[in-house]
Amino acid sequence: MSEIATVAALRASASGDAERLTTVRHDHLDDTPFVLVPLTLAGEACAPLAALAGTDPDHPVLLTVRRPHDRTERFGFVESLANLLLPYFEECRAAPKEPYTVGRGKDKEERERPLRAPQLLVPNAGGITYIRLLGRLTRLRATDGPHAVSPSVPLLGKWLTWFADRAEFPDSGLLQAMTRSLSAHWATGQSPTENANLASLLGWINPPAGRTGAETAREREDPAAWPPTGPATDPLFDRTLDELIVKYEGAPGQRGRDAAARTIDHELRGQMLPTWQLMWQGIRRLRELPPGEHVAGRRAFDRQLFGEYAAYLDDDGRPQARRDHAVGAARRLARMEEAQARYDAERAYDDPLVMAEYELTGEAFTGVVAARDEERTVPGKRPESPLWRPTVTVHCDLPVSMAARTAVKCPARPGQKAEILEVASRGDGAVVLIQLNGGFDRKRKPPAPPGMLAALGETVTFTSIDPQSMPSALPAEEDTPWTHGGPPQPYEPTDEDAEEVWE
């Protein structure tokens, strides 16, 4: 937790109401997200018990498993979920397309991506784990033979595994946990563990009129009135559920069994409905925040990956392997680290509250433009062709720890490259002389276009972080040296993969 987040949490604890951590929304929020509230059988990591799912806040679809230990009913649950999700994916895929370019120079290629991509929302991090496990337990199933399942089951398993993999990248909005999104934008007076409870977290953020967030959160700790947000169930409810399942299995005749099934469905719906309503309340609360400038770009990348993976599945794409090979794991780790650094930088460029964290660590500074030299030039490679290098002088109220020759950028003008020429102390603050090295809208000599250079008296921020930093270069998989095992062999599913026990 950063210093600013710590201070915000202390202020929330003192006031009883949540404190804003951001000025904008850094997560994409789709117009029609698919909300999934899962429940699992107690004692098993991914035994499906029930789910409320859909894109309509007023009409959720209830999926239940009346005999959770029965293999046929479990796969029937997955098939029912596939009947909801797969059409949703196809609807997004059928949206109009837009062109985009990959590669550079001779390798440049024009492609198309859909203007929509799906977005799955679950209550908390446990919901993401549930989707990962459900994908693992279904993507390798056989569609023929003694234990055949519907073709939609392994297809959904591939999709769920892909969504769970993308959820590990901070810049992805394809699968998100509501508690994580809310906690990234508000600080509460409770611990991070307590923030994993959606009911108490939203109690802090969106209390009813006349109540403080702390009072509302305390009231929502009652599991009878506010059941857990899944996928785990409340232990007291587990006793009731066990009795209902026993009655269902021992019910005489079809009419008795149907009545028992309706009772189970009613109880399970009652457990999930408060969380379902909280999910849409959280969506409405997040929509009140304006999106950050880089959110649309991150969503465009989501749409690109979605279109590529859908095309891969159309081409009879193999299911994901049980585990990454060494080369794939290294490349994935590098991509995740790059995505984290880029996401952190983009958040700071979009949001002065986030940038303030970098000012505390010495990676950014803010001040007022006290002088500028728009006509300044420096010698170039040819004496007759000097280079236009204007400067701005910034007066800062706080010390600046960056050294001369440090490359910096201004979030208000991210296309300009700059570097620090000199840092001098000035009372309790500093004077920073900054040279601008490019980003003048293709102009090579003064005067600068209006607004291109910071005006006198303008408050500006400069930082050493850069969301456009170049990714690390890793060799292609086929060029893996023998010291690292040589080129990895492509994964081929085996019959044993389809026999993994669901437990």
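By a salt bridge I mean a side-chain nitrogen of Lys or Arg within 4 Å of a carboxyl oxygen of Asp or Glu. One caution before I use the term: what you see above is a predicted model.

By this rule the count comes to 22 salt bridges. I will go through a few of them, then turn to the sheet and the cores.

The pair I wanted the definition for is E458 and R413. Their side chains meet at 3.2 Å, N to O. E458 is in the loop between β16 (429-438) and β17 (459-463), while R413 is in strand β15, so the salt bridge ties together parts that are 45 residues apart in sequence. As for exposure, R413 is buried, with a relative accessible area of 15%, whereas E458 is partly exposed at 23%. The cut-off for buried is under 20%.

While we are in this region, look at A412, in the loop between β14 (407-410) and β15 (413-426). Is A412 buried or exposed? A412 has a relative accessible area of 60%, and exposed means over 50%, so A412 counts as exposed. The C-alpha atoms of A412 and E3 are separated by 24 Å, and these two residues are 409 apart along the chain.

Next, R332 and E168. Their side chains form a salt bridge of 2.7 Å, N to O. This pair also links distant parts of the chain: R332 is in helix α12 (residues 326-350) and E168 in the loop between α4 and β8, 164 residues apart. R332 counts as buried at 13% relative accessibility, and E168 as partly exposed at 33%.

E109 and R111 give another salt bridge, at 3.3 Å, N to O. Here E109 is partly exposed, at 38% relative accessibility, and R111 is partly exposed too, at 33%. Finally, D30, R299 and D302 are linked in a network of salt bridges.

Now the sheet. In what order do the strands of the open sheet run? The order is β4-β3-β2-β7-β8, 5 strands with mixed pairing. β4 (61-64) and β8 stand at the edges with a single partner strand each, so each has one side without a neighbour in the sheet. From one strand to the next, the twist averages 20°. At the β4 end, β3 and β4 pair in the antiparallel sense over 4 bridges, and L52 stands opposite L62 in β4.

That leaves the nonpolar cores. The largest has 42 residues, and the members that touch the most others in it are L85, F89, L120, I131 and W159. Several elements each supply at least two of its residues: the strands β2 (34-40), β3 (48-54), β7 (120-122) and β8 (175-177), and the helices α2 (71-93), α3 (125-138), α4 (152-166) and α11 (295-314). Which of them gives the most to this core? Helix α2 does, with 10 residues.

Take L120 as an example from that core. Leaving out residues up to four places away in sequence, L120 touches F34, L85, Y88, F89, I131, F163, L174, L175 and Q176. L85, F89 and I131 appear in that list, and they are also among the members with the most contacts in the core.

There is also a second, separate core, with 38 residues, including A12, L182, L202 and W276.

That is what I have for today.

How values were computed
Residues are numbered from 1 along each chain as its sequence is written. This is a predicted model: local features need pLDDT of at least 70, side-chain atom pairs count only at pLDDT 80 or more; totals for chains, interfaces and linings use all residues. Side-chain values use heavy atoms; hydrogens and water are left out. A nonpolar core is a set of buried Ala, Val, Leu, Ile, Met, Phe, Trp, Tyr and Cys residues joined through side-chain atoms within 4.5 Å. Buried means under 20% relative accessible area, exposed over 50%, partly exposed in between (1.4 Å probe, protein chains only). Contact means heavy atoms within 4.5 Å. Two strands pair if DSSP finds at least two bridges between them. Axes are lines fitted to C-alpha atoms, for helices over the stretch in contact, and angles run from 0 to 180 degrees between N-to-C directions.
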